[in-house]
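Visitor: I am new to this structure and should be grateful for a close look at a single part of it. Would you kindly take me through the salt bridges?

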Amino acid sequence: MESIKVLSNLRMGERWDRLGVSGETIFAESFKEFLRNISNSSLIVVNGAEATLRLCALFTLVPALRRPLIAVDVVLRRPENAKELLRSWIVRFLLKRVDYFVHYFRDLSGYAKYFDITPQRSGYVPFKPNLRYRVEAGPNPDGEYVLCIGQSMRDYETFFEAVATLPIPAAIPTPDLAELRRHRSRFTRNLSAVPGNVRILPDDKSQESLLRILCGARIVVLPILTTSLCASGIGLYLNSMLLGKCVVISRGPGASDVLANQAVLIDPEDASALAQAMRRVWEDDTLRKQTAAAGYQYALSLGGEPELCERVLEKAVDWYIQSKLHRESTLVARYT
């Protein structure tokens, strides 16, 4: 059995046997630890865009250090102006050093267009509800309000426009406007201008606060902007499903390419469609509870952090085996 050493900032287990390959994971908590252990590794599995780009830059400057590189959950945004377009070209150039990408969504059309990240260089694994194993709250499909929540690529303005036409109670957590802007969400009005049926819920950003806010919801709405290139809101919709809530979410990467009956899907940036979906789910208990039950079973099946790391490890090992077989067949063809 072949043995390899995987250098990673994901906790994938110190020693393991997968797909006929035995291995050891060297955990790197910082970039310095990546640097210190690169020479001892057979394969690098790095989580997150920042760490990935730093390693790509390092391999560009010092090619002798390069190792096979698998990048997990690289979140990228569509360039919106000249400065961002220039940066996207640099990112695209650096990411050529990545051998394989692991995503939490399937629709790569935006990534292929702007960053040349194609299905041929990518694989999909399902994400996980972050609350799994951390809280003991059971599923409850009932609640007091329609909740719009989240910071990444959220379209609060469409939610406000839609909910203002409905005779149902709604809520949002206390918004952090700076963070909403940083994560490219659309929230342009003053709090005094939100519709009268929208409550502002206290939110100290703790897990306890998140749990309280989600548990109080009857429906969780995640309106995502059309400019989103990747899975936005996936952690929140899985947490909501794990708590037994019916989720309404915009079509797009990480939603319509992953979900079926586990959520109610709507067109993005369409206030009329969103209003119709919220009214239908609010009034139709059967639809709401059936959708919530399907979402709960899906979220439950995904496990938590250990199961996600297991999925990433198996995907990485499978890529390692396939790439090795490809290199060997190419070498045989060259000399026959």
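Guide: In this predicted model, a search of the whole structure finds 17 salt bridges. Several of them may be taken in turn.

One of these joins the side chains of Glu144 and Arg199, with 3.3 Å from N to O. Glu144 belongs to the loop between β7 (122-124) and β8 (145-148), whereas Arg199 belongs to strand β10 (residues 198-201), so the pair ties together parts that are 55 residues apart in sequence. Glu144 is exposed, its relative accessible area being 51%; the cut-off for that term is over 50%. Its partner Arg199, at 40% relative accessibility, counts as partly exposed.

A second salt bridge is formed by the side chains of Arg186 and Asp155, at 2.8 Å from N to O. This pair also links distant parts of the chain: Arg186 is in the loop between α6 (177-182) and β10, Asp155 is in the loop between β8 and α5 (156-163), and the two are 31 residues apart. With a relative accessible area of 0%, Asp155 is buried. Arg186, by contrast, has 33% relative accessibility and counts as partly exposed.

A further salt bridge lies within one helix. The side chains of Arg279 and Glu283 meet at 3.4 Å, N to O. Both residues are in helix α9 (residues 271-283), and because they are four residues apart there, about one helical turn separates them. An α-helix has 3.6 residues a turn, so residues three or four places apart point the same way. As for accessibility, Arg279 counts as partly exposed at 35%, and Glu283 counts as exposed at 54%.

Salt bridges may also share partners. Through such sharing, Asp142, Arg218, Asp285 and Arg288 are joined into one network.

For a view of another element, one may turn to helix α2 (residues 49-61). This helix has 13 residues and reaches 18 Å from its first C-alpha to its last, close to the 18 Å expected at 1.5 Å a residue. Its buried residues are Ala49, Ala51, Thr52, Leu53, Leu55, Cys56, Leu58 and Phe59. These buried residues pack against two helices, α1 (31-37) and α3 (82-94), and against two strands, β4 (43-47) and β5 (69-72).

To return to the salt bridges, the pairs described include Glu144 with Arg199, Arg186 with Asp155, and Arg279 with Glu283.

Methods: Residues are numbered from 1 along each chain as its sequence is written. This is a predicted model: local features need pLDDT of at least 70, side-chain atom pairs count only at pLDDT 80 or more; totals for chains, interfaces and linings use all residues. Side-chain values use heavy atoms; hydrogens and water are left out. The expected span of a helix is 1.5 Å times one less than its number of residues. Buried means under 20% relative accessible area, exposed over 50%, partly exposed in between (1.4 Å probe, protein chains only). Contact means heavy atoms within 4.5 Å. A salt bridge is a side-chain nitrogen of Lys or Arg within 4 Å of a carboxyl oxygen of Asp or Glu.
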